[in-house]
Amino acid sequence: MVKRRLSAATIAAQAGGYIDQASGGVVPPIQPSTTFVRDRAYVPHASGNIYARDDSDTVRVAENILAQLDAAKVALLFPSGMAAIAAVFRALPTGATVLLQAQIYWGTTKWVREFCSRRGMVLVEADLSKPENMDKLCASHEPDLVFIETPSNPWLRSTDIAHAANKVHDVGGRLVVDATAATPILTRVLDFGADIVMHSATKGLNGHSDVLAGVLATNTPESPHWQAILTDRHDAGAIIGSFEAWLLIRSLRTLHLRVERMSKNAQKVAEYLQGHPNVEEVFYPGLIDFEGHNTAKLQMKGGYGSLLSFCIKGDRSNALRILGKLDLFHRATSLGGVESLVEHRYTIEPNTGIPENLLRLSVGIEDIDDLIADLGQALV
Ligand code: PLP
């Protein structure tokens with residue numbers, strides 16, 4: 001009998017089917033030990049457990065759940081999303097060619113630029129959400145690695161993952177997708193042919209604004225690139241602590257409910273803002289007339305995520321005035337948490353192409369009428 005592939009919702013709710021073998025507990029214990037004993041013949045007491053920088057039980061359980069959620073063979077946890085991204089690039093050979101999607105999370109762009117220049121890598125940045133750019137640049141540069149973010153932060157551009165994978169594979173390269181804003185509930189990125197999916201687990205995966213973490217997952221663990229990532233994490237020590245891994249395991253159990261609710265709320269907020277006279281433009285992949293909606297619809301199932309941006313009519317001072325009047329949206333960075341957040345990205349990253357009148361929202365799981373009433377009183 002062919003075993004039915006479980007949906008991400010079932011995997012999340014049941015912590016990947018985990019039952020503690022020692023106690024029968026349905027919740028995994030925390031194993032905080034940094035070192036593990038060997039017997040008198042010097043054989044490790046538990047195979048695989050030697051030192052917590054190499055591996056540990058709680059981290060392994062979390063990685064197992066994360067791999068299942070993305071329908072991947074393996075997943076690796078890192079102490080932040082940036083640590084996961086850094087491992088992807090550090091594992092490339094010196095002199096490699098990289099194609100990077102333009103106007104994505106600024107922290108990624110900044111770090112990749114500096115790293116590539118230090119390591120003698122060729123870096124090409126372009127709007128890869130446009131398929132013609134992907135075609136042209138893959139053919140002309142034959143990149144070793146293409147890195148895209150979909151939907152992108154803060155522009156919410158959607159890139160066709162299957163199309164990108166075909167183009168990159170045609171020239172022998174690898175496709176890595178930052179799917180932080182989608183989560184595996186909305187998009188199982190590897191199903192579309194990507195080689196590695198990356199998430200900042202600090203965001204929707206953990207969703208409670210109390211853990212920093214990053215994850216990479218793949219279905220080709222035997223590839224030299226993945227093996228180099230594995231060695232890099234092991235040797236350079238970018239490992240997450242047991243307590244963070246355990247908190248993440250706990251949070252993942254409600255991932256599907258949170259993502260569902262946030263997506264529903266964000267869709268309603270986007271539609272409300274679109275019809276508001278003081279709003280110039282709304283960026284949200286769930287809006288049918290938004291560029292990239294058809295691509296998003298193809299690869300996002302059950303909603304379009306918690307992240308949206310909008311430009312208000314007026315200038316920077318108008319944007320800051322509205323942001324200052326909000327009562328429920330916390331003025332704070334980040335996204336994917338249960339509480340709604342608002343951010344003026346221009347203040348954080350001026351002169352990077354973000355308009356001064358743009359506000360970015362991360363829509364939480366609160367009551368939608370309360371959220372819309374708050375936006376309404378601030379937008380007058
Ligand atoms: N990728 C995206 C899309 C992000 O928004 C962020 C952080 O905001 C990161 C990666 C980096 O993740 P972390 O903050 O966990 O290092």
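In this predicted model, Thr183 is placed in helix 7, which covers residues 183-186. With a relative accessibility of 4%, Thr183 counts as buried, because the limit for that label is under 20% relative accessible area. Leaving aside residues up to four places away in sequence, Thr183 touches His199, Gly204 and Val259. Pro184 brings in a part of the chain that is remote in sequence, since Ser7 and Pro184 are 177 residues apart in sequence and yet 9.9 Å apart in space, C-alpha to C-alpha. Ser7 itself is found in the segment before helix 1 (8-13), and its relative accessible area of 31% makes it partly exposed.

The packing of helices comes next. Two packed helices are described by the angle between their axes and the distance between the axes. Helix 10 (residues 255-274) and helix 14 (residues 368-379) have axes that come within 10 Å and cross at roughly 30 degrees, and the two helices are therefore roughly parallel to each other. Their crossing is right-handed, and the contact involves Asn265, Lys268, Val269, Tyr272 and Leu273 on the side of helix 10, with Ile368, Leu371, Ile372, Leu375, Gly376 and Leu379 on the side of helix 14.

A second packed pair consists of helix 2 (residues 57-69) and helix 9 (residues 242-252), whose axes are 8 Å apart and form an angle of about 35 degrees. Here the crossing is left-handed. From helix 2, the residues Thr58, Val59, Val61, Ala62, Ile65, Leu66 and Leu69 meet Ser242, Ala245, Trp246, Leu248, Ile249 and Leu252 from helix 9.

Helix 3 packs against helix 8 (residues 224-236) at an angle of about 125 degrees, with the axes 8 Å apart, and that angle makes helix 3 oblique to helix 8. The crossing of helix 3 and helix 8 is right-handed, and the residues that meet are Ala87, Val88 and Arg90 in helix 3 and His225, Ile229, Asp232 and Ala236 in helix 8.

Helix 3 also leads to the aromatic side chains, of which the structure holds five pairs. The rings of Phe89 and Phe147 have centres 5.6 Å apart and planes at 45 degrees, so this pair is tilted. Because Phe89 lies in helix 3 (residues 81-90) and Phe147 in strand 4 (residues 145-149), the pair ties together parts that are 58 residues apart in sequence. Both Phe89 and Phe147 are buried, and they belong, together with Trp111 and Phe115, to one aromatic cluster.

Another of the aromatic pairs joins Phe283 and Phe290, whose ring centres are 6.2 Å apart and whose planes stand at 90 degrees, so the pair is edge-to-face. Phe283 is buried at a relative accessible area of 7%, and Phe290 is buried at 13%. An aromatic ring also faces a charged side chain in this model, for Arg233 lies over the face of Phe78, at 5.9 Å from the ring centre.

From strand 4 the chain can be followed into the loop between strand 4 and helix 6 (161-170), where Ser158 lies. Ser158 counts as buried at 6% relative accessibility, and, residues up to four places away in sequence not being counted, it touches Ser129, Thr150, Pro285, Gly292, Thr295 and Ala296. Thr150, one of these contacts, precedes a cis peptide bond, the one from Thr150 to Pro151, with omega near -10 degrees. The peptide bond from Asn153 to Pro154 is cis as well, with omega near 10 degrees. Pro151 lies in the loop between strand 4 and helix 6, and Pro154 is found in that loop too.

The backbone has further points to note. Most residues other than glycine have a negative phi, and most peptide bonds are trans. Glu142, in the loop between helix 5 (131-141) and strand 4, has a positive phi, near 45 degrees, although it is a residue other than glycine. Asn351, which is not a glycine either, has a positive phi of about 60 degrees. Asn351 lies in the loop between helix 13 (345-348) and strand 12 (358-362), and at 69% relative accessibility Asn351 counts as exposed, whereas Thr183 at 4% counts as buried.

Technical notes
Residues numbered from 1 in each chain as written. Predicted model: local features only at pLDDT ≥ 70, side-chain atom pairs only at ≥ 80, totals over all residues. Heavy atoms only, no water. Phe/Tyr/Trp six-rings, centres within 6.5 Å; stacked < 30°, edge-to-face > 60°. Helix = DSSP H or I, 4+ residues; strand = E, 2+ residues; numbered from the N terminus. Buried < 20%, exposed > 50% of the residue type's maximum accessible area, 1.4 Å probe, protein only. Lys NZ or Arg CZ within 6 Å of the ring centre and 35° of its normal. Axes fitted to C-alpha atoms, helices over the stretch in contact; angles between N-to-C directions. Parallel < 35°, antiparallel > 145°, perpendicular 65-115°, else oblique. Left-handed = near helix turned anticlockwise from the far one by under 90°. Contact = heavy atoms within 4.5 Å.
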